[in-house]
Amino acid sequence: MNAPESKLIWMDGKLVPWDEANVHILTHTLHYGTGVFEGIRCYKTAKGPAVFRHGEHIDRLFDSAHILGYEIPHSKAEVMEAVRATIKENALKECYIRPLAWLGTEGRGLNPIGITVHLAIAAWEWGAYLGAEALEKGIKVMTSSITRHHPNISFTKSKATGWYLNSVLAKQDAVQNGFDEALLLDPLGNVAEGSGENFFIVRDGMIKTPPLVSVLEGITRKSIMQIAKDNGIEVSESYFSRDEVYIADEAFFTGTAAELTPVCELDRRKIGEGKRGPLTKKLQTIFFDAIKGKNGKYSEWLDIL
């Protein structure tokens, strides 16, 4: 497997060559999952590269660290400027951006208190997460046997590295069983989210999505909900079961990596007509126009470099 790369990674205040951006084997976060991270996209627009909802992503990074009880040793403005510098110095016109805060090597046990907080920012060219064809044709999904975290077991509002073992196991199981993605249920058996995406269904012209209890506060989720409301489409945040997904008219995932990807099948049951539905397509069109700088209504979402 050849993962995408770029030339430089920002680490603790300076840009270093990609292959030299290393950490010690005894780094606390490597052993105990005590890091926090973000996924951000930068899109090519007529005015230049533009980071999508930049400030909100950095806010969430800092919130994630705060929830876990430590402070990132830079201001939000400094981190945003570091993101811009990483994109510019790698000469990227369109890319995925991964800020990661992690704890260093001062401790060997579980206690993280007093361990140095580090920060890195990487950026690389990365196309559609679930495949370019998936944006049009949709994907096949299975309900996972892996349950989404209970909010009192892991703080689900923190985008913490350790929490993502839950997602990795669900994704691995889905792919090994011939599906594109997994759908996780919450501890009560309600639909929660994908392994790395928020989830929506459409029934009778109305959109439903799980409430923000055990799911991540997705920034793309928030964007799609705003677009829907701006176009007179009712959006309900409410619990629903997997069998309601079976009888939905349409379904789709949202996320920084997945953007807006239609779901055409769950558990080998066709959803609607088994292809991207008209409302999904409409939301996709508006969303992609917005992130490409073609819709002035959402220009405040773009930080143009």
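Let's start inside helix H6, where Ile219, Thr220, Arg221, Ser223, Ile224, Met225, Ile227 and Ala228 are buried. Keep in mind that this is a predicted model. H6 covers residues 219-230, 12 residues in total. From its first C-alpha to its last, the helix reaches 17 Å, close to the 16 Å expected at 1.5 Å a residue. Just after H6 you'll meet Gly232, which takes a positive phi of about 70°.

Now stay with Arg221 for a moment. Its partner is Glu237, and the two form a salt bridge whose closest N and O atoms are 2.7 Å apart. This pair links distant parts of the chain, with Glu237 in strand E13 (residues 235-237) and Arg221 in helix H6, 16 residues apart. Arg221 has a relative accessible area of 4%, so it counts as buried, while Glu237, at 41%, is partly exposed. Another residue to look for is Lys222, which is linked with Arg53 and Glu56 in a network of salt bridges.

On to the rest of the charged pairs. Side chains of opposite charge can pair when their charged atoms come close. The count here comes to 15 salt bridges. One of them joins the side chains of Asp303 and Arg84, at 2.9 Å from N to O. Asp303 sits in strand E17 (residues 302-304) and Arg84 in helix H3 (residues 76-89), so this pair ties together parts that are 219 residues apart in sequence. Both Asp303 and Arg84 are buried.

For a pair in another setting, try Lys137 and Glu133, whose closest N and O atoms are 4.0 Å apart in their salt bridge. Lys137 is exposed, at 52% relative accessibility, and Glu133 is exposed too, at 56%.

Key:
Residues numbered from 1 in each chain as written. Predicted model: local features only at pLDDT ≥ 70, side-chain atom pairs only at ≥ 80, totals over all residues. Heavy atoms only, no water. Helix = DSSP H or I, 4+ residues; strand = E, 2+ residues; numbered from the N terminus. Expected span 1.5 Å × (residues − 1). Buried < 20%, exposed > 50% of the residue type's maximum accessible area, 1.4 Å probe, protein only.
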